[in-house]
Amino acid sequence: MKYLTAIYFSLFSITVHSQISNTDADFLVKPYLQIGPKPNPEKLQLLWHSVDESAQWVVEYKTGSGTNWIKSEELTSTKIAVAGIAPFIIYNASFHSLLPGTLFMYRVSKNGKIIFNAEAKALKSAEQSYRFVVSGDIGTGTNTAKKIAYQIYKSNPDMVTIAGDIVYNQGLISEYKTKYWPVYNKDKADTLGAPLLRSIPFVAAVGNHDADTRDLDRFPDALAYYHFWDQPLNGPVGTEGGAIVPVLKATETNKKAFLDGAGEKYPRMTNFSFDYGNAHWTIIDSDTYVDWTDSTLRDWVIKDLEKAKDATWRFVMYHHPGFSSSKAHFEQQQMRLIAPILEKGNVDIVFSGHVHNYQRSFPMTFIPDRTGTLLVRGTDNRIIHGRVVNGKWTLDKKFNGRRNTKPNGVIYIVTGAGGQGLYNPEQQMDKDSWQKFTKKFISIIHSFTVVDVNGKTLTLRQVDINGKELDRIKITK
Ligand SMILES: [Fe+2]
């Protein structure tokens, strides 16, 4: 059934786009889906960008076998006018009353003429099975990243989650323009990209390349994440200069221009949670400016996981892996500090990127040794390289993901091979260089993670740039 759906989906996209045309004057960025501030299976947001401030826009959609087009009654617009970029508008329309997990059609009209249409998939409800992809370190705009986008499309996911480093090198509006939109929202699927963003929701955690650039005087179009993404705002409220949010360096003019675009999303949208299908997702900012010894932040994660105790699965995603065997970024172990919280909250899998390869840990628990925690500081004494966090781990070596499918502990996945140059290919065959917690280490080819969830059964596969399976485990409850 999945296979049949995939064929229909692809053919539909190709057919539709041969009939309806639009120009750069219509769309600076073509329509893309977002889960919005309060995700539920009946709702989705549709965003697009245009330089045209005077146009009359209408969004209509059709669910299930219904024949009537429903007009979206909620349409907002936000002007982005930061220095160095021609001003443009971000439009944001809401889809309501969607049938959970089903395909629906939508179309966008400008001044009475239909200029875009596509087919999309609603979020899944708790009773439905689903497939999601996780990929990190993607937005390079290289042929490698484009081929991965194509393979992600061919894997036919219901949702894509990005484990940070969405766009290189500094998360700028101008960088999205060349490295993100044309690749992940291409009209036709081929090895140069695919129409993913218009068809399924993407969810992202911020990486260092998305959120570390806070000098708006030097880069006024930085922190594009806050303009372009529409994700929940239910995480802790940080204040500039506190444990979660670094200080913006900006003149009053540049700061105002940024805040006018970002609105209430800044600075809150980097830590949040939501439910999808029968799973709870906790998305966390692991950047080195965050102090994970801070109790406000730790308490938020504890409470968030407590509230999610009735979900069948709990997934956590943050950019910097706590448990990685790569020599690259090896000292950036700050996320080990919350390992006990995640274990206590019965987290099943943690997904990370940052390290550009694939790694899977044994199911494990970890007790940080605080006296062994070492801040790694830059030349100006700021904590810019994270922390070395020593401690004691306990590994479940009986779990093998085939006959024994019940892990004892958290499985840590590094899936940062989504586009950027690979790290430490020499370590793949050199098992002596792996940390004891590492079970699988694949660093000679680009890849991404595909997860199928059917009730209490989960299958995780790592798929390479050619569509070949590199790893597979099954987990059952
Ligand atoms: Fe990174």
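Select the iron ion: its site is irregular, with angles of 87 to 165° among the four donor atoms (four donors are tetrahedral if all angles lie between 85 and 135 degrees, or square planar if opposite donors are over 155 degrees apart and all others between 65 and 115; anything else is irregular). The model is predicted: local features need pLDDT of at least 70 and side-chain atom pairs 80 or more, while totals for chains, interfaces and linings use all residues. Residues are numbered from 1 along each chain as its sequence is written, and side-chain values use heavy atoms, without hydrogens and water.

Next show the protein donors (N, O or S within 2.8 Å of the metal, 3.2 Å for Na, K and Ca; water is not among the atoms, so sites may look incomplete). Asp-165 (OD), Asn-208 (OD1), His-319 (NE2) and His-354 (ND1) lie 2.2 Å from the ion. Asp-165, in the loop between β10 (159-162) and α3 (173-179), and His-319, in the loop between β16 (313-317) and α9 (339-344), are 154 residues apart (helices are DSSP runs of H or I, at least four residues; strands of E, at least two). His-319 is buried at 0% relative accessible area (buried is under 20%, exposed over 50%, partly exposed in between; 1.4 Å probe, protein chains only). Asp-165, at 1%, is buried as well.

Now select α8, residues 295-307. Its buried residues are Leu-297, Arg-298, Trp-300, Val-301, Asp-304 and Leu-305. They fall within an arc of 155° seen down the axis, so they line one face of the helix (the arc is taken from directions from the axis to the C-beta atoms). Turn to the face away from that buried side for the exposed Lys-303, Glu-306 and Lys-307.

Key: Tetrahedral: all angles 85-135°; square planar, octahedral: opposite > 155°, others 65-115°. Expected span 1.5 Å × (residues − 1).
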